Protein chains: 2
Amino acid sequence: MSGCRGSRFSGSRFIMKNRILVVGSVAIDSVSTVCGKVEKALGGSAVYSSIAASLFSPVRLVGVAGTDFPEKYVRLLKNKKVDVSGLEIVPGKTFFWKGSYDKDFRNAVSHDTQLNVFETFNPKVSAGNANCEVLFLANIHPVIQLDVLGQMKNPLITACDTMNYWISREKKHLLRLLKKIDVLFVNEEEARQLSGQHNLIKAAKLIRAMGPEVLVIKKGDNGAMLFTGSGIFSMPAYPVVKVADPTGAGDTFAGGFMGFLASCGSGWRRTDSLKKAMAHGTVMSSFNVEKFSVSGTCGLKASDVRKRYAGYVGSLRIC
Amino acid sequence: MSGCRGSRFSGSRFIMKNRILVVGSVAIDSVSTVCGKVEKALGGSAVYSSIAASLFSPVRLVGVAGTDFPEKYVRLLKNKKVDVSGLEIVPGKTFFWKGSYDKDFRNAVSHDTQLNVFETFNPKVSAGNANCEVLFLANIHPVIQLDVLGQMKNPLITACDTMNYWISREKKHLLRLLKKIDVLFVNEEEARQLSGQHNLIKAAKLIRAMGPEVLVIKKGDNGAMLFTGSGIFSMPAYPVVKVADPTGAGDTFAGGFMGFLASCGSGWRRTDSLKKAMAHGTVMSSFNVEKFSVSGTCGLKASDVRKRYAGYVGSLRIC
């Protein structure tokens, strides 16, 4: 969980940590699985990503919530040192999702989706936030993602997530976005849908030609694959004995990945940095699925992450 | 691809390599996929496993074929230094399978299955073969597997594969077998079927309690998982750009795994030996799926395997 060499300290001289701006949804979720259920829990792509990233780098969240958004959730984010000055609280209700998973956690069934104040989300990036060195555009409308990207000053790393809905309905805008970003996160089916190729290696080649230098294909409990100019790096999932709730696993993966990568500074393109980012994303998402909502990650100490990371990396070492 | 330290040489003293006895099917396959097709090609679990294992350890094959079995296939096995003295040629036709795969290679459709001489396969293990140090019982009826196991003198390592058909129809005999073997290979669905547990980690715990000290769960293009008393070790698949034919991938994995493990001698239980065996199985099966029938593995040189193995192991290293 340590940053890349030289990213934070150079001799005795302190170098300012790279700040990561996370833009995405802030939600209230009611989720049930075979392990139990939660009502009106904290959720949303920006929330999951921010909490995971906060273990590695300073995080600023940009999002919108309604006046029903519990103050305790704001406090939770603040306790994680997430800067919430970019979280607008506007009249109306917070984005609400109610869903359940089947017993193998592969398929989510949505019982209720109320976009509420999220429907007219039109983020304005403050001058302070626009100076963040790293931008992570969690899953939202590609036009909003493009708009936020345009408001940034000169980010060192730009990354985004997306989903099947935008690929099928807003592909033109998504393709404009992809030309401008460094790192893209998609899952297997999204990679196939975006590229029109079933084989993930061929799909990755086509997607990287659309713009992103780095592509991460998330495969749930089958791990993730990293595609860069230097090659293909597959990583298995961390084995989780008891999955409680897979909600936010992908966002948490991306948050852990980007949070770590931000700590690598200008060395972020190195294969080593990217592989470590993959491993940190893997570890963070393994914590996430062990509990409902953000309970699996919001209470983590750096030492918890370090310990699991060391075990994971060790399990992959063959010598 | 080198054996474990001390397994082959001790100072200047040569130690006899451990021989691996492979018992299973010998078949003629006609296979079609989106990449093409082959007619009456060499196949069968014992064949795939033996060819893969032969890259690492001396192999002896026990199986049965009909008088239609082409002499060129016997020569191919002999060229791989596979001892075929245990391959019976009996009146009748060789086990024949005709099948095809859908475009993602996940589902095989059987168009024709003729057991032929394989239906009455009743292997007699010669005195020479009974002295082999390592036994791999490829997928056949568990009663035959038990019978062969009983004919062995004092094997150092015993391993077996099985399939859904035997788990549902011959579970009693299979459970008797599992009590006596060291290493079991199953795929994900078989693991769930055998244990009644969906979560693979819980499934593995239950299966290991049935007898096998070491369990390998094969997950196709999602890699494989190793379960031992020391922990859980997941490995991704080697990324294959163009899959031609997945037939025999699991047998080839097991063959590479067991062939390497045989080379580890009495150190086979070490986590390091087992992880290397996993990696060798992974690499061998990646070669297998790139071509039809055994074409992907039968022409391999040791240097081909060494090179891909080094690349695979390096891709997993995070430091």
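Tutor: In this structure, helices are DSSP runs of H or I with at least four residues, strands are DSSP runs of E with at least two, and both are numbered from the N terminus. The model is predicted, so local features need pLDDT of at least 70 and side-chain atom pairs count only at pLDDT 80 or more, while totals for chains, interfaces and linings use all residues. Residues are numbered from 1 along each chain as its sequence is written, and chains are lettered from A and ligands numbered from 1 in the order in which they are written.

Student: How many helices and strands does chain A have on that definition?

Tutor: Chain A comes to 12 helices and 15 strands.

Student: What makes chain A as compact as a globular protein of its length?

Tutor: The radius of gyration is taken over C-alpha atoms, and the globule rule is 2.2 Å times the number of residues to the power 0.38. For 319 residues the rule gives 20 Å, and chain A has 18 Å, which is close to that value; chain A is therefore as compact as a globular protein of that length. Along the principal axes, its C-alpha atoms fill a box of roughly 50 × 45 × 40 Å.

Student: What share of the contacts in chain A with a separation of 6 or more joins residues 24 or more positions apart?

Tutor: Two residues are in contact if their C-beta atoms, placed from the backbone, lie within 7 Å. Of the contacts in chain A with a separation of 6 or more, 67% are between residues 24 or more positions apart.

Student: Why is K81(A) classed as it is, buried or exposed?

Tutor: A residue is buried if 20 or more other C-beta atoms lie within 10 Å of its own, exposed if 12 or fewer, and partly exposed in between, with C-beta atoms placed from the backbone. K81(A) has 11 C-beta neighbours inside 10 Å and therefore counts as exposed. K81(A) lies in the loop between helix 2 (71–79) and strand 7 (82–90) of chain A, and its phi is positive, near 60 degrees.

Student: Why is S293(B) classed as it is, buried or exposed?

Tutor: S293(B) has 24 other C-beta atoms within 10 Å and is therefore buried. S293(B) sits in the loop between helix 10 (271–289) and helix 11 (295–298) of chain B, with a positive phi near 50 degrees. Most residues other than glycine have a negative phi.

Student: Why is strand 13 of chain A called largely enclosed?

Tutor: Strand 13 covers residues 214–218, and 5 of its 5 residues are buried, so the rest of the structure largely encloses it. Burial applies to both faces: V214(A), V216(A) and K218(A) lie on one side, and L215(A) and I217(A) on the other. In chain A as a whole, 54% of the 319 residues count as buried.

Student: How do you know that strand 13 of chain A pairs with strand 12 and with strand 14 of chain A?

Tutor: Two strands pair if DSSP finds at least two bridges between them. Strand 12 (residues 183–187) and strand 13 of chain A run parallel and are joined by 5 bridges, with L184(A) opposite L215(A). Strand 13 and strand 14 (residues 224–228) of chain A run antiparallel and are joined by 4 bridges; there, M225(A) is the bridge partner of I217(A). The hairpin of strands 13 and 14 of chain A has 5 residues between the strands, and G220(A) takes a positive phi near 60 degrees in it.

Student: What makes strand 5 and strand 9 of chain A edge strands?

Tutor: These strands belong to an open sheet of 4 strands in chain A, in the order 5-4-8-9 with mixed pairing. Strand 5 (36–43) and strand 9 (108–114) each have a single partner strand, so one side of each is left without a neighbour in the sheet. Strand 5 of chain A pairs in the antiparallel sense with strand 4 (residues 27–33) of chain A over 6 bridges, and A27(A) has G43(A) as its bridge partner.

Student: How do you know that the two copies are related as by a two-fold rotation axis?

Tutor: Copies are superposed by least squares on the C-alpha atoms of residues with pLDDT of at least 70 in both. A rotation of 180 degrees with 0.0 Å of shift along its axis superposes chain A on chain B, with an RMSD of 0.0 Å. The relation is thus that of a two-fold rotation axis. The same surface serves both copies, as 100% of the contact residues of chain A recur in chain B.
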